[in-house]
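Student: I am new to this structure and would like a close look at a single part of it. Please pick one helix and go through it from start to end.

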Amino acid sequence: MRFTSLLWLVPIAACSAPAPESRFRESGEVIAFGGGDGGAEAACFTCHGIEGQGDGRASPRLAGLDKGYLHRQLDDFASGRRDHAVMRAIARRLDGGDRSKVAAYYAGLPIPANQLVELQDSGAAGLYNNGDAGRDLAPCASCHGSTGEGAGPGNPPLAGQPAAYIAAQLAAFRDGSRNNDALGEMRAISRRLTGGEIRAVADHVAALPAARPRAVRAASREGHRGDPRNDVSVPHRRAAGSSPPAG
């Protein structure tokens with residue numbers, strides 16, 4: 001009788017055991033280093049580094065970026081709103097839960113120190129911090145922060161990201177192959193920059209010390225416009241010489 005009872009337990013135990021492929025998706029760290037059920041070739045670290053530091057060229061730093069931003073980029077790669085053949089294939093292998101896990105893993109990693117270099121192009125710093133009202137160019141700093149630290153899931157950090165990567169993203173916004181800026185702001189800005197300015201601004205932000213993105217408030221205060229990308233508020237643009245909004 002006891003032997004018969006144990007036999008009944010065998011199929012029950014087998015049915016409750018996790019499928020073999022699920023073991024490769026148990027945590028964000030496992031996905032990052034094992035590639036989920038896509039195998040080693042889909043492992044994040046092969047391009048983005050053991051510590052999520054990026055490769056200094058085409059693959060950006062992931063360590064310390066905002067979780068919501070990382071999750072959204074995976075969603076956009078999967079949907080095709082952000083065009084990249086390799087990342088599209090990887091993102092489509094991950095469901096929403098997997099994307100959340102791997103985004104949380106990289107968001108929690110310490111930010112590696114980047115090698116600081118002396119900036120040579122003061123014009124790039126001026127464009128970054130002040131924009132160009134004559135060309136209706138908003139300052140990069142108004143969304144990405146004065147030190148390139150970023151803010152929330154809609155405005156990623158730029159500081160310490162590879163110059164080649166930043167330049168490639170601006171070029172992609174300009175030609176429309178990247179169009180996941182909800183307000184079209186980055187596409188408009190990139191089309192007003194010359195190729196030389198894109199390279200100079202990319203070099204400028206790459207040389208800034210990397211930092212975690214600042215927290216954002218859910219509500220917009222008077223004199224600011226709400227940004228539907230992440231509910232952060234950013235200043236209204238105003239013409240040179242005009243008065244700031246009251247309050």
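Tutor: What follows is a walk along one helix, H4, with its surroundings. The model is a predicted one. As a setting, the protein has 11 helices and 2 strands. Read from the N terminus, the elements run α-α-α-α-α-α-α-α-α-α-α-β-β. Of the 247 residues of the protein, 43% count as buried. Among contacts in the protein with a separation of 6 or more, 62% join residues 24 or more positions apart.

Helix H4 covers residues 67–79, which is 13 residues. At 1.5 Å a residue these should span 18 Å, and the end C-alpha atoms are 18 Å apart, so the expected and modelled spans agree.

At the start of H4, a side-chain oxygen of aspartate 66 comes to within 2.8 Å of the backbone nitrogen of glycine 68. At the other end, glycine 80 lies just after H4 and takes a positive phi of about 95°.

Between these ends, the buried residues of H4 are Tyr69, Leu70, His71, Arg72, Gln73, Leu74, Asp76, Phe77 and Ala78. An α-helix has 3.6 residues a turn, so residues three or four places apart point the same way. The cover over the buried residues of H4 includes helix H5 (85–92), helix H6 (96–107) and helix H9 (163–175).

Take H6 next. The axes of H4 and H6 come within 8 Å and cross at roughly 140°. That angle makes H4 oblique to H6, because only angles over 145 degrees count as roughly antiparallel. The crossing of H4 and H6 is right-handed. On the H4 side, the contact is made by Lys67, Leu70, His71, Leu74, Asp75 and Ala78. On the H6 side, Gly96, Arg99, Ser100, Val102, Ala103, Ala104, Tyr106 and Ala107 take part. Leu70, His71, Leu74 and Ala78 of H4 are in this contact and are also buried.

H9, another part of the cover over H4, has a crossing with helix H11 (residues 195–206). The axes of H9 and H11 come within 8 Å and cross at roughly 140°, which means that H9 is oblique to H11. This crossing of H9 and H11 is right-handed. The residues of H9 in the contact are Ala163, Ile166, Ala167, Leu170 and Arg174. Those of H11 are Gly195, Ile198, Ala202, Asp203, Val205 and Ala206.

Terms used: Residues are numbered from 1 along each chain as its sequence is written. This is a predicted model: local features need pLDDT of at least 70, side-chain atom pairs count only at pLDDT 80 or more; totals for chains, interfaces and linings use all residues. Side-chain values use heavy atoms; hydrogens and water are left out. Helices (H or I, at least four residues) and strands (E, at least two) are DSSP runs, numbered from the N terminus. The expected span of a helix is 1.5 Å times one less than its number of residues. Buried means under 20% relative accessible area, exposed over 50%, partly exposed in between (1.4 Å probe, protein chains only). Contact means heavy atoms within 4.5 Å. A polar contact is a pair of N or O atoms within 3.5 Å; within protein, one must be able to donate a hydrogen and the other to accept it, and residues adjacent in sequence count only if both atoms are side-chain atoms. Axes are lines fitted to C-alpha atoms, for helices over the stretch in contact, and angles run from 0 to 180 degrees between N-to-C directions. Angles under 35 degrees count as roughly parallel, over 145 as roughly antiparallel, 65 to 115 as roughly perpendicular and the rest as oblique. A crossing is left-handed if the near helix is turned anticlockwise from the far one by less than a right angle, and right-handed if clockwise.
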